Amino acid sequence: MGLTRRQMLLTTLAAAGGAVLAGCGGGGRSEAGAGAAAGSAGFPVTIEGKLGAATIPQAPQRVVSVGYTDHDAILALGVAPVAARYWYGDEKVVVQPWARAAAQAVGAAPAVLNMSSVEPEKIAAQRPDLVIGLYSDLDAQSYPVVSAVAPTVGPPRGFDDYGAPWQEYTRETGRALGKEAEAEKLVADLEARFVAARDADPQWKGRSVVVASRSADKISVFSSQDPRSRFFTQLGFTVPPRIDQLAAGRFYTEFSFEQASELDHDLIVWDQLSFTPGGKTTVVGDPLLSRLPAMRDGRTVFLEGATELAFAWQTVLSLPSVLDAVVPQLQRAIPKT
């Protein structure tokens, strides 16, 4: 494919070949990150990642987030990153609506790092003593360079690229910041919400789901290892094994319109509609998609507006609002019998 993560996640589905969201970084605070872990209890700590080990000698004071969504967990743990990576939307904003209260609580106003790929010089300019790049495009070439700037927590081991669950990202961030207990509390509280939703609607258990996006010329479906599919498996659904077979270790696979029947499962979730030409109307009116039994029977969920935005992030801060919006849609699509 040769596509950047930013392209695939949010723009390759808008037009053939995709387009990189461009822009410039914004300003932010230059002082030490407010809310950084007090003292050095529990340090040093070493975190083994897919690309190497990061040894953090003491409680970090200047945390830079280079993962597309990593600053949500940092903020949720009461730490103000001095800089955070821009993903999409307003090029001067990296703190999304669901994270604003957490940011305000610690006085966070992170500088905006706008990078279509990792740029070590921009990271170094922030004078970090810790770099967190869990949900990032750090690779074998860039990781050693960034690690020379400051201890760098890269993508976690044991998962496909960008495929670790939100629980892993939250816990790894907690370890790096010396806030493991706080991270466990965040995870437990949010997991309880998933369990409550799943228990209230046992009819979802074992039902098949595909999370899909439609572009001008193809359909993409996320594998079971992508956080967006994991959202639904946490609610009891299952991703068809064929999707993972075709993804072959990637976080998604693609189909032509003529292969639309591959999507016909118990539930179809349509994501990234803001990047689909014509949006929901295009999907509903597609002559091939509209023939699918799941589409005809209304066994569909459409993610739009603020819900689409929060769903893309899949973080401990964004997911509560996603549950509030998506669970009622699921109850209508696959109701109790």
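Helix H13, residues 319-333, lies across strand S11 (267-270) and strand S12, and runs at about 155° to S12. This packing of a helix on strands is a convenient place to enter the structure, which is a predicted model. From here the text moves to the sheet, then to the core, and last to the parts where the prediction is weak.

S11 and S12 belong to an open sheet of five strands. The order of the strands across the sheet is S10-S9-S8-S11-S12, and the pairing is mixed. At the edges are strand S10 (252-255) and strand S12 (300-302), each of which pairs on one side only. Neighbouring strands in the sheet are turned by 25° against each other on average, with direction ignored.

The mixed pairing can be followed strand by strand. Strand S8 (residues 209-214) pairs with strand S9 (residues 219-222) in the antiparallel sense, over three bridges. One of the partnerships here is between Arg214 and Ile219, the latter in S9. On the way to S11 the sense changes: S8 and S11 run parallel and are joined by four bridges. Val210 has Ile268 in S11 as its bridge partner. S11 and S12 also pair in the parallel sense, over three bridges. Ile268 appears again in this pairing, where its bridge partner in S12 is Thr300.

Which way do the residues of S11 point? Leu267 and Val269 point one way from the strand, while Ile268 and Trp270 point the other way, and all are buried.

Trp270 leads on to the nonpolar core. The largest such core has 103 residues, and those with the most contacts inside it are Phe231, Phe232, Leu263 and Trp270. Helix H13, the starting point above, gives the most to this core, with seven residues. A general tendency is worth keeping in mind: in soluble globular proteins, nonpolar side chains tend to be buried together. Phe232 serves as an example from this core. Leaving aside residues up to four places away in sequence, Phe232 touches Val209, Val211, Phe237, Val269, Phe311, Val326 and Leu330.

Another part of the chain shows how a loop residue can be placed. Val106 lies in the loop between helix H3 (100-105) and strand S5 (111-113). Is Val106 buried or exposed? Its relative accessibility is 15%, so Val106 counts as buried. Val106 and Ala80 are 26 residues apart in sequence, and their C-alpha atoms are 6.0 Å apart in space.

The chain as a whole has 13 helices and twelve strands. Of its 337 residues, 54% count as buried. Among contacts with a separation of 6 or more, 71% are between residues 24 or more positions apart. The accessible surface of the chain comes to about 13000 Å², and 53% of that belongs to carbon and sulfur atoms.

How far the model can be trusted varies along the chain. The mean pLDDT is 90, and 88% of the residues reach 70 or more. However, pLDDT stays under 50 over residues 1-7, where the model has 26 contacts beyond four places in sequence. It also stays under 50 over residues 10-35, for which the model has 78 such contacts. Where pLDDT is low, the predicted coordinates should not be read in detail.

Note on methods. Residues are numbered from 1 along each chain as its sequence is written. This is a predicted model: local features need pLDDT of at least 70, side-chain atom pairs count only at pLDDT 80 or more; totals for chains, interfaces and linings use all residues. Side-chain values use heavy atoms; hydrogens and water are left out. Helices (H or I, at least four residues) and strands (E, at least two) are DSSP runs, numbered from the N terminus. Buried means under 20% relative accessible area, exposed over 50%, partly exposed in between (1.4 Å probe, protein chains only). Contact means heavy atoms within 4.5 Å. Accessible areas come from the Shrake-Rupley method with a 1.4 Å probe; for residues, only the protein chains shown count as cover. Two strands pair if DSSP finds at least two bridges between them. Axes are lines fitted to C-alpha atoms, for helices over the stretch in contact, and angles run from 0 to 180 degrees between N-to-C directions. pLDDT is the predictor's confidence in each residue, from 0 to 100. A nonpolar core is a set of buried Ala, Val, Leu, Ile, Met, Phe, Trp, Tyr and Cys residues joined through side-chain atoms within 4.5 Å.
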